[in-house]
Amino acid sequence: MMTGKEYVASVFDRVKQNNPNEEEFLQAVEEVFQSLEPVFDKYPNYIEENILERLVEPERIVSFRVPWVDDQGKVQVNRGYRVQYSSAIGPYKGGLRFHPSVNQSIVKFLGFEQVFKNSLTGQAIGGGKGGSNFNPKGKSNLEVMRFIQSFMTELQKHIGPDLDVPAGDIGVGAREIGYLFGQYKRLNGYQNGVITGKGIAYGGSLARPEATGYGVVYFAKHMLASKGYDFKGKTALVSGSGNVAIHAIEKLHDLGAKVIAASDSSGFIYDENGINLETLKRIKEVERGRIKEYKESHPHAVYTSAQEKSIWTIKADLAFPCATQNELDENDAKTLIQNGVIAVTEGSNMPSTLKAIQLFHEAGILFAPAKAANAGGVAVSALEMAQNSARTAWTFAEVDDKLYHIMKDIYKHTSAAAKEFEAEGNLVVGANIAGFLKVAQAMSAQGIV
């Protein structure tokens, strides 16, 4: 019988052979695999059943053409994807990302991460992800609508309330969700459980827009408390200025921290008085502008372009990468450590490189991995599904309370798994193992499917 180390290494070799040039996917797989070796030593039946090789292969990948007509009457073509990764513990669940960087490697890495994240929530949801290389920035509402109607015309063949339930991600906000739901309804009739992140007027859940950002902060709160820290008087950096970042900033302010910097793809703004949330929301959610416009309302703030330096060069107690994958690299980690950062909490998917994570652990920095820390969004999406099924609606306070306790439980189970497998304090290991075990148990029970 192979050891856990031998089994994991042999499977990863096959993954590399089968998925050449898919860098993001291989990075995500490697990060998880590094944690799982002791699991297979403890549960050798999972080696016999080849659980890992079965899990790392998506159950289904759908790729399709998306033709649409722009405002000049020209035909444009994009590519759409849906990766249905694992339905072992429930229907596929995961967001749609509209961004020029989207390709098969990106959606596979996101789908793979989603399997573990969804498992950690304790909800009955499997993992999936999707999207398109379409860029909604700079497009008119009619162009976005025409693209989405074409996109959903194909996607609707593969989703359903008890099969696959998409949500939003980068580039897919309230406007896009509305158009997606409208086209699905047009083709299939009203089924409000088929998409989450919906508007309140047509089946959405209160606290869903806030859930990922709030959840990130709730997880960080429990992580900090384990070492006797809290948010009061702490300074924080939050990369990004989209939905997750904005609501993380909001909750950090509520709990006593001062966020002094936020960013977008063009650069970052530093405000020693604390980022003004009202201004940020107006620029990003209403005007759909660039973060450098913040200076127009707050002349004392300092704007720095992304070409000059990174947001992570600002000295602060806490760091919350909430923008995109691999935004925080080895050099950024060294800078944060030198500047005395206490904790790093991932708000976006895989924002830290493997080397950066290694440096944080070696320096004794508290580190919260994305699959645990940013699970609040999908957790409340599952709560939205539950409300849709029951034809009821909970108050904001009820949903927020459930979210708080879900994030508390994720921290507890993640921390306990790390301790059980002799990696106490390493929440990356804990999250990977805790997420994996639930899925592996379900796969083992269901036979070779």
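This report describes the spaces, charged pairs and a few single residues of one predicted model.

**Enclosed and open spaces**

The count of cavities of 30 Å³ or more in this predicted model comes to 1, and the space inside this largest cavity is about 90 Å³. The residues that line the largest cavity are Glu31, Glu113, Glu346, Met350, Ser352, Leu354, Ile357, Phe367, Pro369, Ala370, Lys371 and Val428. Two elements, α13 (354–362) and α14 (370–373), give two or more residues each to this lining. When the lining residues of the largest cavity are sorted by chemical character, they divide into 7 nonpolar, 1 polar and 4 charged.

The second largest pocket, which has a volume of about 210 Å³, is lined by Glu31, Gln34, Ser35, Leu354, Lys355, Ile357, Gln358, His361, Asn426, Val428 and Val429. The elements α2 (23–42), α13 and α17 (427–446) each give two or more residues to the lining of this pocket. Which element gives the largest share of the lining of the second largest pocket? The largest share comes from α13, with 5 residues. By chemical character, the lining of the second largest pocket divides into 4 nonpolar, 5 polar and 2 charged residues.

A reader who follows the two lists will find Glu31, Leu354, Ile357 and Val428 in the lining of the largest cavity and again in the lining of the second largest pocket.

**Salt bridges**

Side chains of opposite charge can pair when their charged atoms come close. In this structure there are 20 salt bridges, and the table below sets out some of them, with the distance taken from N to O.

| Salt bridge | Distance, N to O |
|---|---|
| Arg82 and Asp164 | 2.7 Å |
| Asp169 and Lys129 | 3.1 Å |
| Lys334 and Glu330 | 3.4 Å |

The side chains of Arg82 and Asp164 meet in a salt bridge, and this pair links distant parts of the chain, with Arg82 in strand β2 and Asp164 in strand β5 (residues 164–167), 82 residues apart. Are the two partners buried or exposed? Arg82 counts as buried because its relative accessible area is 0%, under the limit of 20%, and Asp164 likewise counts as buried, because its relative accessibility is 0%.

The side chains of Asp169 and Lys129 also meet in a salt bridge, and this pair too links distant parts of the chain, because Asp169 lies in the loop between β5 and α7 (174–188) and Lys129 lies in strand β4 (residues 127–132), 40 residues apart. Asp169 is buried, with a relative accessible area of 19%, a value that is under the 20% limit for a buried residue. Lys129 is buried as well, with a relative accessible area of 3%.

For the salt bridge between Lys334 and Glu330, the setting is a single helix: the two residues are 4 residues apart in helix α12 (residues 330–338), so they are separated by about one helical turn. Lys334 is partly exposed, with a relative accessible area of 36%, and Glu330 counts as partly exposed at 29% relative accessibility. Elsewhere, salt bridges that share partners join Glu31, Glu113 and Lys371 into one network, and these three residues are among those that line the largest cavity.

**A nonpolar patch on the surface**

Val69, Val75 and Val77 make a nonpolar surface patch of about 260 Å². One of these residues, Val75, is found in strand β2 (residues 75–86), and Val75 is exposed because its relative accessible area is 61%, over the 50% limit for an exposed residue.

**Single residues of note**

Val15 is found in helix α1 (residues 4–18) and counts as buried, at 4% relative accessibility. In sequence, Val15 and Glu30 are 15 residues apart, and in space they are 9.7 Å apart from C-alpha to C-alpha.

Two arginines have a positive phi. Arg288, although it is not a glycine, has a positive phi of about 50°; Arg288 lies in the loop between α10 (277–286) and α11 (294–297) and counts as exposed at 55% relative accessibility. For Arg391, also a residue other than glycine, phi is positive and near 55°. Arg391 is found in the loop between α15 (376–390) and α16 (396–420), and Arg391 is exposed, with a relative accessible area of 65%.

Note on methods: Residues are numbered from 1 along each chain as its sequence is written. This is a predicted model: local features need pLDDT of at least 70, side-chain atom pairs count only at pLDDT 80 or more; totals for chains, interfaces and linings use all residues. Side-chain values use heavy atoms; hydrogens and water are left out. On a 1 Å grid over the protein atoms alone, a cavity is a set of points where a 1.4 Å probe fits but cannot get out, and a pocket is an open set with protein on both sides within 12 Å along at least five of seven lines; lining residues have an atom within 4 Å of a point. Grid points are joined across faces, edges and corners, and a volume is the space filled by probe spheres set on the points. Ala, Val, Leu, Ile, Met, Phe, Trp, Tyr, Cys and Pro count as nonpolar, Asp, Glu, Lys and Arg as charged, and the others, Gly among them, as polar. Patches are made of residues with over 30% relative accessible area and no salt bridge: like charges are joined within 9 Å, nonpolar side chains (Val, Leu, Ile, Met, Phe, Trp, Tyr) within 5 Å. Accessible areas come from the Shrake-Rupley method with a 1.4 Å probe; for residues, only the protein chains shown count as cover. A salt bridge is a side-chain nitrogen of Lys or Arg within 4 Å of a carboxyl oxygen of Asp or Glu. Buried means under 20% relative accessible area, exposed over 50%, partly exposed in between (1.4 Å probe, protein chains only).
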